[in-house]
Amino acid sequence: SKSFYQWQNSLMMQGRREMENLNSLYKWLDLEGVFVFDRRLPFSKKDSKATTLKLKPPYETWGIFLDKKRLKTKAEEKSAVLHECGHYATGATHEVNSPFDLVAKHEYKADKWAVERALSVDELDDAVAEGHTEIWDLAEYFGVTEDFMRKAVCWYTYGNLATELYF
């Protein structure tokens, strides 16, 4: 199977940046053999919208569970799918009862991966040069949530995802 980078590079070589497209994310997951489910997440917090699971050996099967009733917009869905793809692509999963610092590291890895796949620094710079200077406007332009966009701006401006320090 193709790695995400091979998949993205082949699309870019064709003159398209389709990884921005939600459907292409689903297609990539399917080609990778990752199961995607639209399921209510009864075991989660009220604000949880998605989760990624990896079965232990000998199965090594991955599944992404999206609670689409909690994902109210395409931007929320795209942001959630990008983040969960980040868990899969980086292997950053953990036991439910893992220490907070491990969970935080895995969430950081997934967020960083998601930001770097959703847009490049050049694309962000181009959008700002075109006049998209507010977070809500950039989020709308890239089809992601404002929270996701804050992380992207932090990553490309400050080299970290600590939105609480800058917004």
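The following exchange examines how terms such as buried, paired and salt bridge apply to this predicted model.

User: What conventions apply to the numbering and the values?

Analyst: Residues are numbered from 1 along each chain as its sequence is written, and side-chain values use heavy atoms, with hydrogens and water left out. Because the model is predicted, local features need pLDDT of at least 70 and side-chain atom pairs count only at pLDDT 80 or more, whereas totals for chains, interfaces and linings use all residues.

User: Why is C85 called buried?

Analyst: Buried means under 20% relative accessible area, exposed means over 50%, and partly exposed lies in between (1.4 Å probe, protein chains only). C85 has a relative accessible area of 0% and therefore counts as buried. C154, at 0% relative accessibility, is buried as well.

User: How many disulfides does the structure hold?

Analyst: A disulfide is a pair of cysteine sulfur atoms within 2.5 Å. The structure holds zero disulfides.

User: What makes the contact between K68 and E77 a salt bridge?

Analyst: The term requires a side-chain nitrogen of Lys or Arg within 4 Å of a carboxyl oxygen of Asp or Glu. The N to O distance between K68 and E77 is 3.4 Å, so the pair satisfies that limit. K74 and E77 also form a salt bridge, at 3.2 Å from N to O, and K68, K74 and E77 are thereby linked in a network.

User: Are the members of this network, K68, E77 and K74, buried or exposed?

Analyst: E77 is buried, because its relative accessibility is 7%. K68, at 34%, counts as partly exposed, and K74, at 59%, counts as exposed.

User: Where do K74 and E77 lie with respect to each other in helix α3?

Analyst: Helices are DSSP runs (H or I, at least four residues) and strands are DSSP runs (E, at least two), numbered from the N terminus. K74 and E77 are three residues apart in α3, so about one helical turn separates them.

User: Why is D147 called exposed, and what is the class of R150?

Analyst: D147 has 53% relative accessibility and therefore counts as exposed, while R150, at 21%, is partly exposed. The two residues form a salt bridge with their closest N and O atoms 2.7 Å apart.

User: How do you know that strands β1 and β3 pair?

Analyst: Two strands pair if DSSP finds at least two bridges between them. Four bridges join β1 (residues 35–38) to β3, and these strands run parallel; F37 has F65 as its bridge partner in β3. Strand β2 (residues 50–54) is joined to β3 by five bridges and runs antiparallel to it.
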